[in-house]
Amino acid sequence: MCKNFGVKNWLYPMPVLIVGSYDETGTPNAMNAAWGGIYDTNQVMVCLADDHKTTDNIKKAEAFTVSFATEKTVIPCDYVGIVSANDVPDKFAKAGFHAEKSRYVNAPVIVELPMTVECKLLKFNEDGICIGEIVNVSADDSILDENGNIDAKKLAPIIYDGVTHAYWSFGEKVGQAFSDGKKIK
Ligand SMILES: Cc1cc2nc3c(=O)[nH]c(=O)nc-3n(C[C@H](O)[C@H](O)[C@H](O)COP(=O)(O)O)c2cc1C
């Protein structure tokens with residue numbers, strides 16, 4: 001038996017991307033975006049509604065950052081997804097976030113979120129798809145393993161469940177990509 005749910009925008013897992021931007025006065029903003037991902041080898045995309053402060057900021061600054069919500073930052077990361085800087089201008093500070101300007105683009109690196117993809121705006125298409133060229137990825141030392149690589153367990157990103165609107169933790173490693181499939185002869 002199989003139950004059909006009809007038209008739903010459900011995918012598993014969905015990311016919890018925190019999109020950082022500056023307005024014209026240099027005030028940082030952050031918003032939560034689950035509709036996003038890698039667009040090309042050096043590009044990311046996020047689908048942004050027209051009326052967001054973030055959308056306005058990115059169009060003007062032509063830059064943004066994408067960080068990952070973590071287990072330790074669930075509450076502020078959800079907060080920036082339910083409150084707009086159009087209504088609460090000090091939203092970023094109220095979330096308890098602190099910004100350091102990216103060395104590469106005019107967009108904030110959020111100190112409390114340990115991994116950041118720093119992007120130059122490539123284009124905003126008519127469907128609200130914002131495409132950024134990745135110019136740098138930065139990570140706090142605290143989430144690096146002994147080889148200097150990003151340790152997903154230490155990063156502890158959270159996952160969005162669009163069906164129940166829940167956030168989930170990342171879980172355990174269960175396999176090795178491009179490798180486990182070779183066990184089938
Ligand atoms: C879990 C979650 C996922 C969201 N995903 C998106 C998204 O992919 N695109 C979008 O435009 N808004 C999304 N939102 C809504 C924005 O984050 C929200 O409207 C936010 O207040 C916009 O902030 P701003 O106006 O300060 O930019 C999401 C919110 C939550 C809580």
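Begin by selecting the ligand in this predicted model, around which 21 residues are gathered, the closest being Trp-35, His-52, Thr-54, Gly-81 and Ser-84. Colouring this shell by residue class gives 11 nonpolar, seven polar and three charged residues. If the shell is then coloured by element, S3, helix H1 (53-61) and H2 each turn out to supply at least two of its residues, and the largest share, four residues, comes from S3.

Stay with helix H1 and select its buried residues, which are Lys-53, Thr-54, Thr-55, Asn-57 and Ile-58. Thr-54 has already been met among the residues closest to the ligand. Which elements do the buried residues of H1 pack against? Show S2, S3, S6, S9 and strand S10 (129-139) alongside the helix, for these are the elements against which they pack. Moving on along the chain, stop at Glu-62, which follows H1 and has a positive phi, near 55°.

Next select Phe-64, and hide its neighbours within four places in sequence; what remains in contact with Phe-64 is Val-19, Gly-20, Ser-21, Ile-58, Ala-107, Cys-119, Leu-121 and Gly-132. Ile-58 in that list is one of the buried residues of H1. Phe-64 also belongs to the largest nonpolar core, a set of 35 residues in which those with the most contacts inside the core are Val-16, Leu-17, Ile-18, Val-19, Ala-30, Val-46 and Phe-64. To see where this core is drawn from, select the elements that give two or more residues to it: strand S2 (17-22), strand S3 (28-33), strand S5 (43-47), strand S6 (63-68), helix H2 (74-82), strand S8 (108-110), strand S9 (115-124) and strand S11 (158-161). As a general background to this view, nonpolar side chains in soluble globular proteins tend to be buried together.

From the core, follow S11 into the open sheet of three strands, whose order is S1-S11-S12 and whose pairing is antiparallel. Strand S1 (14-15) and strand S12 (166-169) stand at the edges with a single partner strand each, so one side of each has no neighbour in the sheet. S1 and S11 are joined by two bridges, and Pro-15 can be selected together with Ile-159 in S11, which stands opposite. On S11, show the side chains and compare the two faces: Ile-158 and Tyr-160 form the covered face, whereas Ile-159 and Asp-161 lie on the uncovered one. On the way to S12, four bridges join the antiparallel pair S11 and S12, and Asp-161 has Ala-166 of S12 as its bridge partner. The hairpin of these two strands has four residues between them, and there His-165 takes a positive phi near 60°.

Finally, zoom out to the whole protein chain, which has four helices and 12 strands. Its radius of gyration is 17 Å, close to the 16 Å that the globule rule gives for 185 residues, so the chain is as compact as a globular protein of that length. The C-alpha trace spans about 60 × 45 × 30 Å along its principal axes, and 31% of the 185 residues count as buried. With contacts displayed at a separation of 6 or more, 59% of them are accounted for by residues 24 or more positions apart.

Conventions: Residues numbered from 1 in each chain as written. Predicted model: local features only at pLDDT ≥ 70, side-chain atom pairs only at ≥ 80, totals over all residues. Rg over C-alpha atoms; globule rule 2.2 N^0.38 Å. Buried ≥ 20, exposed ≤ 12 C-beta atoms within 10 Å, placed from the backbone. Contact = placed C-beta atoms within 7 Å. Core = buried A, V, L, I, M, F, W, Y, C linked by C-beta atoms within 7 Å. Pairing = 2+ DSSP bridges. Near = placed C-beta within 6 Å. Nonpolar A, V, L, I, M, F, W, Y, C, P; charged D, E, K, R; others polar.
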